[in-house]
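Here is a short tour for anyone opening this structure for the first time. Have the sequence and the 3D view side by side and follow along.

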Amino acid sequence: MNAADGTPVILLLAAGEGARFGGIKQLAEVDGEPMIRRSARQALACGVPVRVLLGAHADAVAQVLVDLPLELHVHPDWARGMGDSLAAGVREVQVRHPHASGVLVALADQPWIGPRLLPALLEAHARSPRRIIATTLDGRAGPPVLFPRDDFAALAALSGAHGARALLQREAARVILLDPRDHDADLLDIDTPHDLARATHPPANTTDRP
């Protein structure tokens, strides 16, 4: 699927090694399916192009995605860190989707995003196409976050271990924040087996979290 004028692309980051997890984190089962596949299906439900950036364990992870209508890209330098992987993914979006209006950066290890948050980010982008649309957790802007194409050059120049946090801070006046609890979403990252246990048994109502 190609992004038409005014349409953003979802970039699902799944390149990390998951060293703290002690295995191939992307393939950990959540609700009976690999976490990466669950996250990819949630992205595809939005009806816009989806690109998945792979790195560590790329061959094994790709096997659980081959039947889905998305685009895969393997970043050979994934070990350089989140910033380097994000930059590589955005450069691919620039090449493959030159008319994309923005890029919605999501993380494969947030399997409890749910069906409402990503569409809410896309809707906010449609209303305010020059603004950065981010989710807020503990008062800080973070992923999933939708950057307009005005920010592509800055994202494509990132490197090292740090992601886009410095860009979000620098452009704070342009950031619109969405509270995930308003959209029945839980932004729990799966970094350890303990996190996975929590994800397997999520809170009954995430909107009641403090």
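## The largest pocket

Let's begin with the largest pocket: 40 residues line it, and those nearest its centre are Met-82, Leu-107, Asp-109, Pro-143 and Asp-189. Keep in mind that what you're looking at is a predicted model. The volume of this pocket comes to about 1,100 Å³.

Who supplies the walls? At least two lining residues come from each of E1, helix H3 (82–96), E6, E7, E8 and helix H6 (165–170). Strand E8 gives the most, with six residues. Sorted by class, the lining of the largest pocket holds 21 nonpolar, 10 polar and nine charged residues.

## A closed space

Now for the closed kind of empty space. Searching the whole structure turns up one cavity of 30 Å³ or more, and the largest cavity has a volume of about 50 Å³. Its lining is made up of Leu-12, Ser-39, Gln-42, Ala-106, Leu-107, Gln-110, Ile-113 and Leu-118.

Look for H1 and E6 here, as each supplies at least two residues of the cavity lining. By class, that lining has five nonpolar residues, three polar ones and no charged ones. Leu-107 is worth a second look: it is listed in the lining of the cavity and also among the residues nearest the centre of the largest pocket.

## Strand E1 and its partners

Next, find strand E1 (9–14). Six of its six residues are buried, so to speak a full house. In a regular strand, side chains alternate between the two faces of the sheet. Val-9, Leu-11 and Leu-13 point one way from E1, while Ile-10, Leu-12 and Ala-14 point the other way, and all are buried.

E1 has a parallel pairing with E6 over five bridges, in which Leu-11 has Val-105 as its bridge partner. E1 also pairs with E4 in the parallel sense, again over five bridges. There, Ile-10 stands opposite Val-50.

## Strand E7 and its hairpin

Strand E7 covers residues 132–137, and five of its six residues are buried, so the rest of the structure largely encloses it. With strand E9 (residues 175–178), E7 pairs in the parallel sense over four bridges. Ile-133 is found opposite Ile-176 of E9.

With strand E8 (residues 140–148) the sense is antiparallel, over five bridges. Thr-136 stands opposite Ala-141 in that pairing. Where E7 and E8 meet there is a hairpin, with two residues between the strands. Asp-138, in the turn, has a positive phi of about 55 degrees.

## Two nonpolar cores

Which residues of the largest nonpolar core touch the most other members? They are Ile-36, Val-52, Leu-65 and Leu-104, out of 32 residues in that core. Strand E1 (9–14), helix H1 (35–44), strand E4 (50–54), helix H2 (58–63), strand E6 (102–107) and helix H4 (117–127) are the elements that give two or more residues to it. Helix H4 gives the most, with six residues.

Take Leu-65 as an example. Leaving aside residues up to four places away in sequence, Leu-65 touches Ile-36, Arg-37, Ala-40, Val-52, Leu-70 and Leu-72. Apart from this core lies another, of 24 residues, including Leu-13, Ala-100, Ala-141 and Leu-155.

## Helix H1 and a buried histidine

Helix H1 is mostly covered, with eight of its 10 residues buried. The buried ones are Met-35, Ile-36, Arg-37, Arg-38, Ser-39, Ala-40, Gln-42 and Ala-43. Two of these names, Ser-39 and Gln-42, also appear in the lining of the largest cavity.

Last stop: His-75, in the loop between strand E5 (71–74) and H3. Is His-75 buried or exposed? His-75 has a relative accessible area of 6%, so it counts as buried, the cut-off being under 20%. Beyond residues up to four places away in sequence, His-75 touches Leu-53, Leu-54, Gly-55, Asp-84, Ser-85 and Ala-88.

Notes: Residues are numbered from 1 along each chain as its sequence is written. This is a predicted model: local features need pLDDT of at least 70, side-chain atom pairs count only at pLDDT 80 or more; totals for chains, interfaces and linings use all residues. Side-chain values use heavy atoms; hydrogens and water are left out. Buried means under 20% relative accessible area, exposed over 50%, partly exposed in between (1.4 Å probe, protein chains only). Two strands pair if DSSP finds at least two bridges between them. A nonpolar core is a set of buried Ala, Val, Leu, Ile, Met, Phe, Trp, Tyr and Cys residues joined through side-chain atoms within 4.5 Å. Contact means heavy atoms within 4.5 Å. On a 1 Å grid over the protein atoms alone, a cavity is a set of points where a 1.4 Å probe fits but cannot get out, and a pocket is an open set with protein on both sides within 12 Å along at least five of seven lines; lining residues have an atom within 4 Å of a point. Grid points are joined across faces, edges and corners, and a volume is the space filled by probe spheres set on the points. Ala, Val, Leu, Ile, Met, Phe, Trp, Tyr, Cys and Pro count as nonpolar, Asp, Glu, Lys and Arg as charged, and the others, Gly among them, as polar.
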